[in-house]
Amino acid sequence: MRVQGILRFTVWVFAFILAVFFLHKALEIHMDFFKNVKVVKAALKEDSETSEVIKPSTYVCGRTKPCPERHFAFKMTSGAANAVGPKICLENTILMSEGKRNTGRGMNIALVDGHSGNLTRTAIFDIYSGDVKELTAFLKTITYGTIVMIASFDDAASKLNDEVKKMIGELGSTNITTIEFRDSWVFVGGKGIRSKSPFEKIKKKKIDGDMYDGWPELVEMDGCIPQRNL
Ligand SMILES: *[C@@H]1O[C@H](CO)[C@@H](O)[C@H](O)[C@H]1NC(C)=O
Ligand SMILES: *[C@@H]1O[C@H](CO)[C@@H](O)[C@H](O)[C@H]1NC(C)=O
């Protein structure tokens with residue numbers, strides 16, 4: 001009786017392990033149907049690093065270092081190809097992400113009050129097929145002292161014109177003068193900034209190559225934005 005019980009238990013455990021194994025395999029095969037497997041895998045890794053559970057051993061937004069006082073910690077990534085949206089984290093709050101469903105093709109922009117660190121607005125501008133005038137109008141509404149965080153997704157260059165480039169340049173961007181079709185780009189600037197921003201990264205399709213079958217690798221950046229005095 002007892003031996004039979006142990007035997008039955010062993011069979012159940014074995015069946016369970018088999019079931020888990022096959023489920024795992026099935027999921028793996030399913031993943032392979034994605035066109036950009038590398039992109040999805042990289043993005044998933046990224047997601048598990050910065051989202052939901054922030055481990056006690058890591059700092060704000062999953063950074064590896066703390067920020068000095070009177071600074072806002074941020075971490076952001078551009079979109080990955082046209083497959084996974086960008087992610088913008090500030091002071092442990094995800095401002096924009098695929099999971100929040102507030103990202104899209106083009107420029108993903110979050111506006112933050114430079115003193116309180118509060119999010120004031122997020123917006124998406126389709127630079128590939130949208131009307132760039134909407135972006136021009138939006139940039140004109142940004143008030144002095146606002147932190148401007150921008151992440152590209154898929155393509156953030158096609159329809160840019162000199163007027164928009166000048167306006168984003170005035171927010172502290174350098175890379176806006178050289179960005180081209182499908183480049184990966186992240187930027188943090190500010191309205192009224194007097195110098196070029198140190199927070200900017202770009203990977204160029206033409207130079208860095210087609211890591212993701214038509215797009216360069218995503219770019220990731222983190223840092224500490226000084227708080228603006230009142
Ligand atoms: C920022 O957000 C906090 C918490 O929601 C709020 O108490 C504060 O008034 C906000 N500050 C500004 C300047 O909007
Ligand atoms: C992008 O901006 C960074 C920071 O200003 C700069 O170091 C880099 O050279 C720029 N790259 C390009 C291609 O414009």
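**Exercise 1.** In this predicted model, find how far an oxygen atom of ligand 2 is from an N or O atom in the side chain of threonine 178, and then describe what else surrounds the ligand.

*Solution.* Begin with threonine 178, where an N or O atom of the side chain is 2.9 Å from an oxygen atom of ligand 2. Turn next to asparagine 175, whose side chain has an N or O atom 2.3 Å from an oxygen atom of the ligand, and then to threonine 174, where a polar side-chain atom lies 3.5 Å from a ligand oxygen. Finally, complete the surroundings of ligand 2, which also include Glu200, Ile202 and Lys204.

**Exercise 2.** Work out how helix 3 is oriented relative to helix 4, and which residues meet where they pack.

*Solution.* Helix 3 covers residues 132–141 and helix 4 residues 162–170, and they pack at an angle of about 30° with their axes 10 Å apart. Because angles under 35 degrees count as roughly parallel, helix 3 is roughly parallel to helix 4. Their crossing is left-handed. On the helix 3 side, Val132, Leu135, Thr136, Leu139 and Lys140 take part, and they meet Glu163, Val164, Met167 and Ile168 of helix 4. Sorted by character, the residues of this contact are 6 nonpolar, 1 polar and 2 charged.

Conventions. Residues are numbered from 1 along each chain as its sequence is written. Chains are lettered from A and ligands numbered from 1 in the order in which they are written. This is a predicted model: local features need pLDDT of at least 70, side-chain atom pairs count only at pLDDT 80 or more; totals for chains, interfaces and linings use all residues. Side-chain values use heavy atoms; hydrogens and water are left out. Axes are lines fitted to C-alpha atoms, for helices over the stretch in contact, and angles run from 0 to 180 degrees between N-to-C directions. Helices (H or I, at least four residues) and strands (E, at least two) are DSSP runs, numbered from the N terminus. Angles under 35 degrees count as roughly parallel, over 145 as roughly antiparallel, 65 to 115 as roughly perpendicular and the rest as oblique. A crossing is left-handed if the near helix is turned anticlockwise from the far one by less than a right angle, and right-handed if clockwise. Contact means heavy atoms within 4.5 Å. Ala, Val, Leu, Ile, Met, Phe, Trp, Tyr, Cys and Pro count as nonpolar, Asp, Glu, Lys and Arg as charged, and the others, Gly among them, as polar. A residue is near a molecule or strand if one of its heavy atoms lies within 4 Å of it. A polar contact is a pair of N or O atoms within 3.5 Å; within protein, one must be able to donate a hydrogen and the other to accept it, and residues adjacent in sequence count only if both atoms are side-chain atoms.
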